[in-house]
Amino acid sequence: MKLSYTKYRIQCTHPFGISRSSHDHYDIVYLYLEHDGIIGRGEAAPSGRYDEFTDDITEILDKGINLPQEIDDPEDFSKHIFNQCNGIKSLEVAFSMAILDLWCQQNSYPLYEYLNADPMQAPHTSYTISIGDIDLISEKVNEGAPYSILKVKLGMGVDKDKEIMKAIRLETDKIIRVDANEGWDLETGIEMCQWLSEKGVEFVEQPFKSTNLKDTAELRKKSPLPLIADENSLQSGDIPGIEGIFDGINIKLMKCGSLFEALRMIKMARDRDMKIMLGCMIESSIGITAAAHLSPLVDYADLDGNLLINNDPYEGVAVEDGKLILPEGNGLGISLNSTDNNLL
């Protein structure tokens, strides 16, 4: 079995702004596992919010990974490799994607079949309106025209957040999901949740810093809108501690570390009657397609990272009238649409 990798810079169509940062590009790492002429692909999109960076990933890969030569069981194979990833979850999940892509191709079925997911049950995805120039809101909403749900990044304070929402509501009456990205305090959260409940908002994601569960519990008592955990929902071990504080969880593969861990999170949330959303970082079609194969198992999808960049070198999951359409090929069902010689 052969392992290779390459760094790649994805370019945002517009600067991608949230309450704590703004970026016009992101550096990611593509992994390739090749065996008997079949290539399994994975993507690592690290986030500095979790102290993960591409240079740390490439340093580990440059030192070398000890690979078994055969995949007898994908999860056992993954565990062997995860032990060599120094705890970097985005690298672990990149291997998870590549291993399952390779395994499913070898066994001639799509990943969703391995995951016991019905592709016809894939949900609609939201489309993100990030924080940025208020004069670009009309253009951003227009770019989101094919999607029935918008996700709006807030967390800039009451006045700015209301200005953003009012500008969006002048353009559309679509369902909106709000992500405060840890940007509010309790007073702001109470005021904004009350105000947003009258503006066609479905739920609010991560209103406060992840360390502030006390205020989150207080807000939940007073908010007419459900609260969804993001930074408080990194992996399955976090879920018992937020039961009764949040109404649901957001699962991001780049945070939880593998598709196997995502399945555990789904089960734990279901056991607690919590809603489940699949989210993403800014990623290309490899990472987004991997998550999309899980999407029939959850309530909400926010899988638009590949829709917010303008140089995606791969094709995978599609969106038709806002609904995720899983590829029909084996494994991830990914194809390369770039002539970059470093990509496979």
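## Overall architecture

Of the 344 residues of the protein, 57% count as buried, a proportion computed here from a predicted model. The secondary structure comprises 12 helices and 15 strands. The radius of gyration is 20 Å, close to the 20 Å that the globule rule gives for 344 residues, so the protein is as compact as a globular protein of that length. Along its principal axes, the C-alpha trace spans about 60 × 40 × 40 Å.

The accessible surface of the protein amounts to about 13900 Å², and carbon and sulfur atoms supply 44% of that area. As for the contacts, among those between residues at least 6 apart in sequence, 69% join residues at least 24 apart.

## Packing of helices H1 and H3

Helix H1, which covers residues 54–63, packs with helix H3, which covers residues 89–106, at an angle of about 55°, and their axes lie 9 Å apart. Because angles from 35 to 65 degrees fall outside both the roughly parallel and the roughly perpendicular classes, this angle makes H1 oblique to H3.

On the H1 side the residues involved are Ile57, Ile60 and Leu61, and they meet Ser90, Leu91 and Phe95 of H3. Sorted by class, the contact of H1 with H3 has 5 nonpolar residues, 1 polar residue and no charged residues; Ser90 in H3 is the polar one, since serine is not listed among the nonpolar or the charged types.

## Buried positions: Thr216, Arg177 and Glu261

Thr216 lies in helix H8, which runs over residues 213–222, and with a relative accessibility of 0% it counts as buried. When residues up to four places away in sequence are not counted, Thr216 touches Phe208, Leu227, Ile245 and Phe246. Each of these four partners belongs to a type that counts as nonpolar.

Arg177, a residue of strand S6 (residues 175–179), counts as buried because its relative accessibility of 3% is under the 20% cut-off. Leaving aside its neighbours within four places in sequence, Arg177 is in contact with Ser126, Ile149, Leu150, Lys151, Val152, Glu202, Phe203, Tyr300 and Ala301. The C-alpha atom of Arg177 is separated by 9.5 Å from that of Tyr127, a residue 50 places away along the chain.

Glu261 is placed in helix H11, which extends over residues 259–271, and at 8% relative accessibility it too counts as buried. Apart from residues up to four places away in sequence, Glu261 touches Gln235, Ser236 and Cys256. The C-alpha atoms of Glu261 and Glu187, which are 74 residues apart along the chain, are separated by 35 Å.

## Loop residues with positive phi

Most residues other than glycine have a negative phi. Asp36, although it is not a glycine, has a positive phi of about 55°. Asp36 lies in the loop that joins strand S2 (21–35) to strand S3 (38–44), and at 70% relative accessibility it counts as exposed.

Asn116 likewise has a positive phi of about 55° without being a glycine. Asn116 is located in the loop between helix H4 (111–114) and strand S4 (126–129), and its relative accessible area of 67% makes it exposed, since that value is over the 50% cut-off.

## Other loop positions: Asp118 and Gly237

Asp118 is also found in the loop between H4 and S4, the loop that holds Asn116. With a relative accessible area of 38%, Asp118 is partly exposed, as this value falls between the 20% and 50% cut-offs. Asp118 and Leu294 are 176 residues apart in sequence, yet their C-alpha atoms are 9.2 Å apart in space.

Gly237 belongs to the loop between strand S8 (227–229) and helix H9 (239–242), where it is exposed, with a relative accessible area of 61%. Measured in sequence terms, Gly237 and Asp161 are 76 residues apart, and from C-alpha to C-alpha they are 32 Å apart in space.

How values were computed
Residues numbered from 1 in each chain as written. Predicted model: local features only at pLDDT ≥ 70, side-chain atom pairs only at ≥ 80, totals over all residues. Heavy atoms only, no water. Helix = DSSP H or I, 4+ residues; strand = E, 2+ residues; numbered from the N terminus. Buried < 20%, exposed > 50% of the residue type's maximum accessible area, 1.4 Å probe, protein only. Contact = heavy atoms within 4.5 Å. Axes fitted to C-alpha atoms, helices over the stretch in contact; angles between N-to-C directions. Parallel < 35°, antiparallel > 145°, perpendicular 65-115°, else oblique. Rg over C-alpha atoms; globule rule 2.2 N^0.38 Å. Areas by Shrake-Rupley, 256 points an atom, 1.4 Å probe, with all protein chains shown as cover.
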